[in-house]
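Colleague: I have not looked at this one before. Can you take me through it?

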Protein chains: 2
Amino acid sequence: MSETKEKIVSMADKLIREKGFNAFSYKDISEPLQVKNAAIHYHFPSKMDLGIEVVEQEIRSLALNTEKWKKLPEDEQLAKFCNVFRKHCNNGNVCLMGSLAPDYETLSPEMREKVHEMAAAIVEWVTGCLEQGRKHKRFHFKGSAEDRALLVISNLQSSLLLSRVLGPAAFHRISRQLLADLGA
Amino acid sequence: MSETKEKIVSMADKLIREKGFNAFSYKDISEPLQVKNAAIHYHFPSKMDLGIEVVEQEIRSLALNTEKWKKLPEDEQLAKFCNVFRKHCNNGNVCLMGSLAPDYETLSPEMREKVHEMAAAIVEWVTGCLEQGRKHKRFHFKGSAEDRALLVISNLQSSLLLSRVLGPAAFHRISRQLLADLGA
DNA sequence: TTGTTTACTTACTACTAAGTAAGTACCTTG
DNA sequence: CAAGGTACTTACTTAGTAGTAAGTAAACAA
């Protein structure tokens with residue numbers, strides 16, 4: 001991948017989290033990178049192709065991270081996961097899912113499919129983490145692990161959204177309570 | 001308020017929830033209502049003015065609803081509140097906060113202020129409901145009522161987002177678990 | 001050395017966006 | 001009945017938007 005291409009993807013990622021997929025334009029990428037908009041179209045024929053690449057990168061990044069955390073106790077794995085969100089919160093950004101879900105209906109079928117894939121991957125990992133963690137007495141909760149995973153994910157996701165509006169304290173209060181509830 | 005004006009606001013509300021504030025255009029409103037785009041500008045000089053009206057209507061609607069529920073036991077009040085979200089879920093839509101928070105940075109200061117006002121109103125009501133409900137032994141939870149309220153709100157909000165991507169079952173699973181956790 | 005591919009730029013198109021100025025039909029009120 | 005406001009339409013501007021066709025400079029390959 002050329003250096004420019006990488007920069008385009010990372011700028012698009014930033015812009016999606018900052019302003020939303022439908023609110024950024026090629027100018028927002030081409031100007032700071034000092035390239036022409038045609039350079040973006042060279043690497044990504046359409047805006048959706050660019051969006052798909054951003055989501056794919058996020059899926060790869062999740063796989064990489066969870067692989068790295070594999071040998072830690074489950075409560076520490078989940079804390080690491082929370083920290084990824086915390087970083088976005090500190091930058092004033094929301095997560096990809098939180099940004100793309102409201103725009104879901106405006107996305108191409110291919111991009112929707114990728115977003116779905118990302119959501120499924122997140123749910124799958126958190127479910128596994130909770131399930132194993134409960135078995136190892138690292139977590140204590142009632143109900144199915146998958147239901148609990150949905151709760152955890154929705155809390156993290158939405159706390160970033162609320163932080164946008166109510167200030168970053170919202171994220172910290174929610175994530176702290178969240179981990180406390182799991183007896184972590 | 002003229003009939004057209006009311007229809008414009010309710011169409012804008014629908015479009016914000018469906019596609020997001022930055023993804024709908026005046027054409028999306030003017031065409032189905034069979035008016036010209038200038039008619040929208042007559043009632044709302046700018047798109048932000050229209051957005052502000054939508055948010056104000058939501059704030060009024062919350063006040064009206066909660067007033068109506070006032071005499072019910074707190075767990076039933078919260079169930080009613082959940083039902084408002086459930087309706088949006090069944091229509092495949094997200095809530096206003098969930099839609100506007102990702103776009104927050106692209107909004108005018110006046111509209112941001114209104115969104116903030118809406119968020120504060122929601123947090124205030126849920127906090128009060130939980131606090132009173134705990135006092136009346138209708139809810140059982142640890143920690144401050146406001147922290148818990150943030151958790152509840154973020155779950156409801158985000159479950160609509162996840163439902164978009166993963167299907168409506170996500171909402172039902174999350175909201176059921178949510179109420180169960182409160183011992184409601 | 002010549003041909004090909006990569007990674008762009010230049011210069012453009014077609015379209016859509018929000019927004020506006022001026023005109024008009026229809027009420028309402030003195 | 002005249003004056004003025006309300007609720008629009010007609011017709012337009014300005015400023016983007018994503019996307020494209022054609023050209024080019026440099027690296028690489030035969």
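Modeller: We can go from the fold of one chain to the pairing of the chains and then to the DNA. Keep in mind that this is a predicted model.

Colleague: Fine. What is the secondary structure of chain A?

Modeller: Chain A comes to nine helices and zero strands. From the N terminus on, the elements run α-α-α-α-α-α-α-α-α.

Colleague: And what is the radius of gyration of chain A, set against the globule rule?

Modeller: For chain A the radius of gyration is 18 Å, close to the 16 Å that the rule gives for 184 residues, so the chain is as compact as a globular protein of that length. Its C-alpha trace spans about 55 × 30 × 30 Å along the principal axes.

Colleague: How much of chain A is buried?

Modeller: Buried residues make up 41% of the 184 residues. As for contacts in chain A between residues at least 6 apart in sequence, 65% of them join residues at least 24 apart.

Colleague: Pick a helix. What does α4 of chain A look like?

Modeller: Helix α4 of chain A covers residues 47–69, which is 23 residues. From first C-alpha to last α4(A) reaches 33 Å, close to the 33 Å expected at 1.5 Å a residue.

Colleague: Which residues of α4(A) are buried?

Modeller: They are A:Leu50, A:Gly51, A:Ile52, A:Val54, A:Val55 and A:Glu58. These buried residues pack against α1 (3–19), α3, α6 (96–100) and α7 (109–135) of chain A.

Colleague: Since α1 came up, where is A:Lys14, and is A:Lys14 buried or exposed?

Modeller: A:Lys14 sits in helix α1 of chain A. A:Lys14 is partly exposed, because 17 other C-beta atoms lie within 10 Å, and a buried residue would need 20 or more. The C-alpha atom of A:Lys14 is separated by 9.9 Å from that of A:Ile29, which is 15 residues apart from A:Lys14 along the chain.

Colleague: On to the pair. How can chain B be laid on chain A?

Modeller: By a turn of 180 degrees with a shift of 0.0 Å along the axis, giving an RMSD of 0.0 Å. The two copies are thus related as by a two-fold rotation axis. The same surface serves both copies, as 100% of the contact residues of chain B recur in chain A.

Colleague: How many residues does each chain give to the contact?

Modeller: Chain B gives 37 residues and chain A gives 37 residues. On the side of chain B that touches chain A, the elements with two or more residues are α1 (3–19), α6 (96–100), α7 (109–135), α8 (145–166) and α9 (169–181) of chain B. α8(B) gives the most, with 13 residues. By class, that side of chain B divides into 17 nonpolar, 13 polar and seven charged residues.

Colleague: Now the DNA. Which residues are closest to strand C?

Modeller: The closest are A:Thr4, A:Ala38, A:Ala39, B:Ser25 and B:His41, out of 17 residues that surround DNA strand C. At least two residues each come from α1 and α3 of chain A and from α2 (26–33) and α3 of chain B.

Colleague: And which are closest to strand D?

Modeller: DNA strand D is surrounded by 17 residues, and the closest are A:Ser25, B:Thr4, B:Lys36, B:Ala38 and B:Ala39. Here α2 (26–33) and α3 (37–43) of chain A, with α1 and α3 (37–43) of chain B, each supply at least two residues.

Colleague: What classes of residue make up the surface near strand D?

Modeller: Seven nonpolar, six polar and four charged residues.

Note on methods:
Residues numbered from 1 in each chain as written. Chains lettered and ligands numbered in written order. Predicted model: local features only at pLDDT ≥ 70, side-chain atom pairs only at ≥ 80, totals over all residues. Least-squares fit on C-alpha atoms with pLDDT ≥ 70 in both. Contact = placed C-beta atoms within 7 Å. Helix = DSSP H or I, 4+ residues; strand = E, 2+ residues; numbered from the N terminus. Nonpolar A, V, L, I, M, F, W, Y, C, P; charged D, E, K, R; others polar. Near = placed C-beta within 6 Å. Expected span 1.5 Å × (residues − 1). Buried ≥ 20, exposed ≤ 12 C-beta atoms within 10 Å, placed from the backbone. Rg over C-alpha atoms; globule rule 2.2 N^0.38 Å.
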